[in-house]
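Here is a brief report on the structure shown next. It starts with the overall fold and then turns to how the parts meet.

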Number of protein chains: 2
Amino acid sequence: MKNFDLAAGNGLINRRHMLSLGMASFGSVVVSKSLAAQTPDIPAWSKSPGPGASEYGAPSRFTDDIKRLASASNPITPGTGASRTPLHLLQGTITPNSLHFERHHSGVPDIDPAEHRLIIHGMVRQPLVFSYEDLLAYPQTSHTYFLECSGNSGASTGANAVDTSAATLHGLLSCAQWTGVMLSTLLDEAGIGPDASWVMATGADAASLGRSIPLYKALNDVFIALYQNGEPIRPEQGYPMRMFVPGWEGNVSVKWLTQIKLTDGPANFKDETSRYTELLTNGKALQFTFPMGVKSLITSPSGQMSLQRQGLHEVTGLAWSGHGGIRRVEVSADGGMTWTDAHLDQNPANLALVRFRIPWQWSGGPAILQSRATDATGNVQPTREAVLALYSSANRYHFNGIQRWAVSVQGEVKNVYA
Amino acid sequence: MKNFDLAAGNGLINRRHMLSLGMASFGSVVVSKSLAAQTPDIPAWSKSPGPGASEYGAPSRFTDDIKRLASASNPITPGTGASRTPLHLLQGTITPNSLHFERHHSGVPDIDPAEHRLIIHGMVRQPLVFSYEDLLAYPQTSHTYFLECSGNSGASTGANAVDTSAATLHGLLSCAQWTGVMLSTLLDEAGIGPDASWVMATGADAASLGRSIPLYKALNDVFIALYQNGEPIRPEQGYPMRMFVPGWEGNVSVKWLTQIKLTDGPANFKDETSRYTELLTNGKALQFTFPMGVKSLITSPSGQMSLQRQGLHEVTGLAWSGHGGIRRVEVSADGGMTWTDAHLDQNPANLALVRFRIPWQWSGGPAILQSRATDATGNVQPTREAVLALYSSANRYHFNGIQRWAVSVQGEVKNVYA
């Protein structure tokens, strides 16, 4: 093993240093001058033709473990629950549609698009009714945006650090290229009344989930999403249409959107009073706290993984902010004593997931890995302790504290608080 | 209907002009002061809870028509063939994994990743053997890249313009976020011999498909793709690993990659002599013509679609170039007499699909719609006639001529040559 210039304590390496020194092996690579002895016989799959092209492809049967973590259903509230994206088993930043997280308040309605309607009414010059076909004819726009549930990472507010995976803790988070019609286009056509200042949106699910957002946001970057990663949005994401509110807590991106009403104040729907508010220590609650805070998460190594060998490993994860782009992600391997910047993949897009990476040489000793994101606005991801200090201990929403993973001398990775 | 400032003949409108004039209706929007009369009864799906969260989602049953167009299999060459991405039914630029085009030379092998090996040998200091697990431990990188089959659009070289869809003509084209290990990292570890100048890559399919690429490209941006849009690449895209050669004809991105050999010249594999060469009029053929030319395609309106009404429509499509980014896309509605610039979605990424859009007011008269892309290098997409003049009439590869769609007074859209 070569000696590298360390960028921070306990083995973190600057990628540029490493490349200039020449790359050492990351894997348990078999090296041999006698290739024949090292290579397998010609495998069966190379000896006869396989099946031909298909109409709608599926994953390999050897990746059956890569699934959403679906919560058990409760017969008292059928269809209510969530499924989490297996973040620790994925790479890059796009979430495939089949693995996008879900959160339903009354299950997934089976909507016939020919019968579905979107109504725009309230404080408008003329109320409008759109069929799905109507909307498809409008100009569309595409953006890659993350979506995060307001309750994501809620378990990290608990008193004890649960020994579980990154997906279980933080998997109410996904990212896709969304395409649809700007809400401003439709509101312009309806004609915005002079007193309108809020927009109420309601879904066609049995829960009639409704949320209110200020008109300024609706006119800025909100759109009616019709496509997700190129194809029509999936039923569990709101087929045939959902509102998409970039950067804000997931449930305001109302699925199965059927009604938009312009008003002069918020509706105080049940899901913005009984839920999705942050209880403070003085007994009051914060309401309409829309943007998701700057946040990051190491996805590998992460909870319940096991390092199989000492030496070089890539530490990688995701960063995002509801306030805009990600400027930097720092990583520490020594419990936060020293930090260094990770490399960011591609050009970080505004309000999208960003993948970060940094090489790490594990010497076999104990380590605590953690990441800290800074967004373009200058917000720095807080510690868990700093987030907890803001709210009542009963609050489970908008947790964006730093996630710490402990690596034991056996190589086992565990969720820890300190 | 408002009058807009025209940007080019026969109804093309500058998007900025339109917005400043106020948006008119694109759809057959129902407008009513009596909403109750216009809105349906509460639909059945709003009256009772739907099913809950699931482990691996699927599209709505109402989108069953959105499938790849798979070629019929020939019993003499089992598994050989292709399927085309339904470009005219998609939006944005990302192709969902289930709809990524396929081209197989001996079907899809069912590879057990635990048994698969990648061998790097030939003119190297030390031959290396990698398991799938070995490769997963290496540093990875993510990029959004298009992939286009060398034979895409081959039907457009035929004598007669076939009355068919954009997907049938041009659907051997897709785009995804690919993640994997830089080939340069692995070659650096193997140690590149002083005489090595080419890289031979071979797949584990029954066809043992092999291709050669120059070493300079292999060291530039080529990688071993392990993930596609976040999840492990699909069997039909090379699971567990494929070589990915950005911007170059699709078949050099060898699927089911099992062997890389450094040499001092190309291998002249059967698929770079009998196929994937361009026959010239003098009887000679061009070989190793790797980059795909600058190209664009209007996906809506496109072949076999039908305009249901006069008035405003969004003309939209895709542009790409194997030489780099897309600088501009021009659109004409009057058979090429006048052109104007379309709007490009997002920040056009290098070697990725770019979505273009422009509003068009159809007056009910005949029209010929076409698009013309210019890439960052300054290459301008040629006319069909200019492409045909380069090659023998037998050539079917690397067709990047302008696609013309005729709109009849009945609103029917057809593939035409002039």
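## Overall size and fold

Chain A has a radius of gyration of 24 Å. A compact globule of 418 residues would come out near 22 Å, so the value for chain A agrees with that expectation. Keep in mind that this is a predicted model. Along its principal axes, the C-alpha trace of chain A spans about 75 × 65 × 45 Å.

Strands dominate the element count in chain A: 27 strands against seven helices. Of the 418 residues in chain A, 52% are buried. Contacts in chain A also reach across the sequence. Among those with a separation of 6 or more, 71% join residues 24 or more positions apart.

## Two domains in chain A

The domain assignment splits out two regions of chain A: domain 1 covers 117-268 and domain 2 covers 295-416. Their C-alpha centres are 29 Å apart. The two domains touch, with domain 1 of chain A giving 21 residues and domain 2 of chain A giving 23.

Which elements of domain 1 of chain A give two or more residues to the side that touches domain 2? They are strand E9 (141-148) and helix H4 (166-170) of chain A. By class, this side of domain 1 of chain A holds nine nonpolar residues, 11 polar residues and one charged residue.

## How the two chains meet

Chain B contacts chain A through 107 of its residues, and chain A answers with 106. What is the make-up of the chain B side? It has 44 nonpolar, 43 polar and 20 charged residues.

The copies use a shared surface. Of the interface residues of chain B, 99% are also interface residues in chain A, so the copies meet through the same surface.

## Symmetry of the pair

In general, two copies of a chain are related by a rotation about an axis and a shift along it. Here, a rotation of 180 degrees superposes chain B on chain A. The shift along the axis is 0.0 Å, and the RMSD is 0.0 Å. The two copies are thus related as by a two-fold rotation axis.

Which residue of chain B comes closest to the rotation axis? Pro96(B) does, with its C-alpha at 3.6 Å.

Definitions and conventions
Residues are numbered from 1 along each chain as its sequence is written. Chains are lettered from A and ligands numbered from 1 in the order in which they are written. This is a predicted model: local features need pLDDT of at least 70, side-chain atom pairs count only at pLDDT 80 or more; totals for chains, interfaces and linings use all residues. Helices (H or I, at least four residues) and strands (E, at least two) are DSSP runs, numbered from the N terminus. The radius of gyration is taken over C-alpha atoms; the globule rule is 2.2 Å times the number of residues to the power 0.38. A residue is buried if 20 or more other C-beta atoms lie within 10 Å of its own, exposed if 12 or fewer, and partly exposed in between; C-beta atoms are placed from the backbone. Two residues are in contact if their C-beta atoms, placed from the backbone, lie within 7 Å. Ala, Val, Leu, Ile, Met, Phe, Trp, Tyr, Cys and Pro count as nonpolar, Asp, Glu, Lys and Arg as charged, and the others, Gly among them, as polar. Domain bounds come from an automatic or database domain assignment. Copies are superposed by least squares on the C-alpha atoms of residues with pLDDT of at least 70 in both.
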